[in-house]
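Student: I should like to learn how to read the features of a protein model. May we go through one together?

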Amino acid sequence: MADAAAGAKSIGTDADEERDLTDGFHLVIDALKLNGIKTIYGVPGIPITDLGRMAQAAGMRVISFRHEQNAGNAAAIAGFLTKKPGICLTVSAPGFLNGLVALANATTNCFPMILISGSSEREIVDLQQGDYEEMDQLAIARPLCKAAFRVLHAADIGIGVARAIRAAVSGRPGGVYLDLPAKLFPQAMDAEAGRKSLVKVIDAAPAQIPARSAVKRALDVLKSAKRPLIVLGKGAAYAQADDAIRAFVEKSGAPFLPMSMAKGLLPDTHPQCAGAARSTVLKDSDAVLLIGARLNWLLSHGKGKAWGEPQAKKFIQIDIEPKEMDSNVEIAAPVVGDIGSCVEALLQEMGAKWTPAPADWVKAVNAKRDENIAKMAPRLTNNNSPMDYHGALGVLRTIVAERPDAILVNEGANALDLTRGVIDMYQPRKRLDVGTWGVMGIGMGYAIGAAIETGKPVLAIEGDSAFGFSGMEIETICRYQLPVCVVIFNNDGIYRGTDVNRSGSRDPATTVFVKGARYDKMIEAFGGRGVNATSPDELKRAVNAAMDTGEPTLINAVIDPAAGSESGRIGNLNPQSVLKKK
Ligand SMILES: Cc1ncc(C[n+]2csc(CCOP(=O)(O)OP(=O)(O)O)c2C)c(N)n1
Ligand SMILES: [Mg+2]
């Protein structure tokens, strides 16, 4: 509450009439601070430039980006890492729309964030009379996020911010839009009344305890399974119930499969990890326990060939959102609640005498896993120049193993899929990537958000195309001197650098970029360190130096343009022309 007082000021000429006033600017800042929010990610401009300045003056960290989408992505990943909503602050119409992509992506990925955008005069916008940056932002945001609110009166800022925070983090987390019209900011009110109008959100994400009958039903299915499998999703990583999840998985004795951003929840080198036997466990398991993982496209919707159909399979699903159940296939045992509470309840109900998963199944899975790992091993030690993905990833894999607390950001197609497969993770919430949508453009925003929120070194492994979506933020990385090392897997284009324009005209093919581009030169413009690495040895030296010093670094890793494949591991999703086959 002292924070609010700091924002108040005195006006008036007559000493008797002098009273303390506050205004919309200060109330927004006070409301955020009161709720423990310490950082704002954004881009300044009318009408929120002064809000950013004042927030900085009031001791908040205000990180200014070059594009709102990247600020929004930083806020989103801050939400994932901290379980508090990340805040993105933008100007009206175009800035809002730029930020909206990140808000929609956060919502899809169940990351709590709040997009706060300034907006134009309501009277003019609603009559469509052409105000500066006119747009009905609230209406546009609403279908793309979990909740959307507008505050018109300074006295309602406290409630507005509280509603936004609660909506973002409670139940299934997601993105919230908060519309603050320009007129709100200078609206003055009595400081004491302002202080009283602020709301500290108590128990913003209340525990949701599963029903005992649901827990028993789940364990009955698990107990009767001959070939059980546990799938860990990023919801499980978000929950920060790491010890309970590990204890449960180990007690069950079942093989586990981590989804991409759940890697490291238990180490990828854990004896029960079936990451390298993915197709075997999906196909051959007879009961599958999903913990914070949805049966969306990333898991082939829980059906079809990948799941060994027509063989029957039973699903147990733990999720905070009841509507998730039966969304793709029948869920034999739904367990609805927050993941921490659900896993604790399962552990308790298992008791001391739980019989672990059948040994023959575990042995078969481990044999397959070890065989696949052995098959890949020799490819990771080549020192070819130009590099292929495996040679480059072989050295990066060792670097991550030696620095398990570093954060890995990853996007691209081949640059994504091969990194996911090759680089083992050892700690929870260390791998941040393209998520549910497979979206390009999260790279620098996530890297900056992760560096700011955790203070840990960040290694961003980026396809050359993927990097381009947020590349200008290397200036931001240099400006704030963040310990971020960006490695660009430069194969001259999207998927491969070898495509040709079939028309014969001089335009390049649609998937190729400038050959032999030197991305390392870009960061030098901002005082960072640029390195051109043409072999795994050079790459290793450069990354180690960057991780040791924490100096902003960009490494152009020269990859054979012919090394990748179309769309990486998901080429099967490309529609094929019937005519092409003629
Ligand atoms: C916002 C967005 N636009 C476009 C795409 C389509 N897309 C998928 S991967 C990719 C880039 C792949 O190239 P690169 O990052 O260089 O990785 P590589 O396979 O070459 O290693 C693109 C454009 C996307 N996923 N998201
Ligand atoms: Mg590429």
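Tutor: We shall take the surroundings of the ligand, then two sheets, then some details of the backbone. Please keep in mind that this is a predicted model.

Student: Which residues come nearest to ligand 1?

Tutor: To read a binding site, one begins with the residues around the ligand; a residue belongs to this group if one of its heavy atoms lies within 4 Å. Here there are 17 residues around ligand 1, and Tyr389, Asn414, Gly438, Asp464 and Ala466 come nearest.

Student: Of which classes are the residues in this shell?

Tutor: The shell has nine nonpolar residues, seven polar residues and one charged residue.

Student: Which backbone atoms lie at short range from polar atoms of the ligand, and how should I read such pairs?

Tutor: One looks for pairs of N or O atoms within 3.5 Å. In this model, a backbone N or O atom of Met440 lies 3.1 Å from a nitrogen atom of ligand 1. Two further pairs involve oxygen atoms of the ligand: a backbone N or O atom of Ser465 lies at 3.0 Å from one, and a backbone N or O atom of Tyr495 lies at 3.1 Å from one.

Student: How much of the accessible area of ligand 1 does the protein cover?

Tutor: Ligand 1 on its own has 590 Å² of accessible area, and the protein covers 77% of this. Two elements give two or more residues to the shell, namely helix H17 (414-422) and helix H19 (464-468). The largest share, three residues, comes from H19.

Student: Let us turn to the sheets. In what order do the strands of the six-stranded sheet lie?

Tutor: A sheet is read by going from one strand to its neighbour. This open sheet has the order S16-S15-S17-S18-S20-S19, and the pairing is parallel. Strand S16 (431-433) and strand S19 (529-533) are the edge strands, as each pairs on one side only. On average, neighbouring strands are turned by 15 degrees against each other, direction ignored.

Student: How many bridges join S18 to S20, and which residue of S20 stands opposite Phe489?

Tutor: Six bridges join strand S18 (residues 484-490) to strand S20 (residues 553-558), and the two run parallel. Ala557 in S20 stands opposite Phe489. H17, already met in the ligand shell, packs on this sheet, where it touches S15, S16, S17 and S18. The direction of H17 makes about 140 degrees with that of S15.

Student: What is the strand order in the sheet of five strands?

Tutor: That open sheet has the order S11-S10-S12-S13-S14, with parallel pairing. Its edge strands are S11 (256-258) and S14 (333-336), and the twist averages 15 degrees from one strand to the next. Five bridges join S10 to S12; among the residues concerned, Val231 has Leu290 in S12 as its bridge partner. Helix H10 (residues 212-224) packs on the sheet and touches S10, S12, S13 and S14.

Student: Where are the cis peptide bonds before Pro47 and Pro386?

Tutor: To recognise such a bond, one reads the angle omega. For the bond that joins Ile46 and Pro47, omega is about 5 degrees; Pro47 has its place in the loop between strand S3 and helix H3. For the bond from Ser385 to Pro386, omega is near 0 degrees, and Pro386 lies in the loop between helix H15 and helix H16.

Student: What is the phi angle of Gln128?

Tutor: Gln128 is not a glycine, yet its phi is positive, about 50 degrees. This residue is in the loop between helix H6 and helix H7.

Definitions and conventions:
Residues are numbered from 1 along each chain as its sequence is written. Chains are lettered from A and ligands numbered from 1 in the order in which they are written. This is a predicted model: local features need pLDDT of at least 70, side-chain atom pairs count only at pLDDT 80 or more; totals for chains, interfaces and linings use all residues. Side-chain values use heavy atoms; hydrogens and water are left out. A polar contact is a pair of N or O atoms within 3.5 Å; within protein, one must be able to donate a hydrogen and the other to accept it, and residues adjacent in sequence count only if both atoms are side-chain atoms. Accessible areas come from the Shrake-Rupley method with a 1.4 Å probe; for residues, only the protein chains shown count as cover. Helices (H or I, at least four residues) and strands (E, at least two) are DSSP runs, numbered from the N terminus. Ala, Val, Leu, Ile, Met, Phe, Trp, Tyr, Cys and Pro count as nonpolar, Asp, Glu, Lys and Arg as charged, and the others, Gly among them, as polar. Two strands pair if DSSP finds at least two bridges between them. Axes are lines fitted to C-alpha atoms, for helices over the stretch in contact, and angles run from 0 to 180 degrees between N-to-C directions. Contact means heavy atoms within 4.5 Å.
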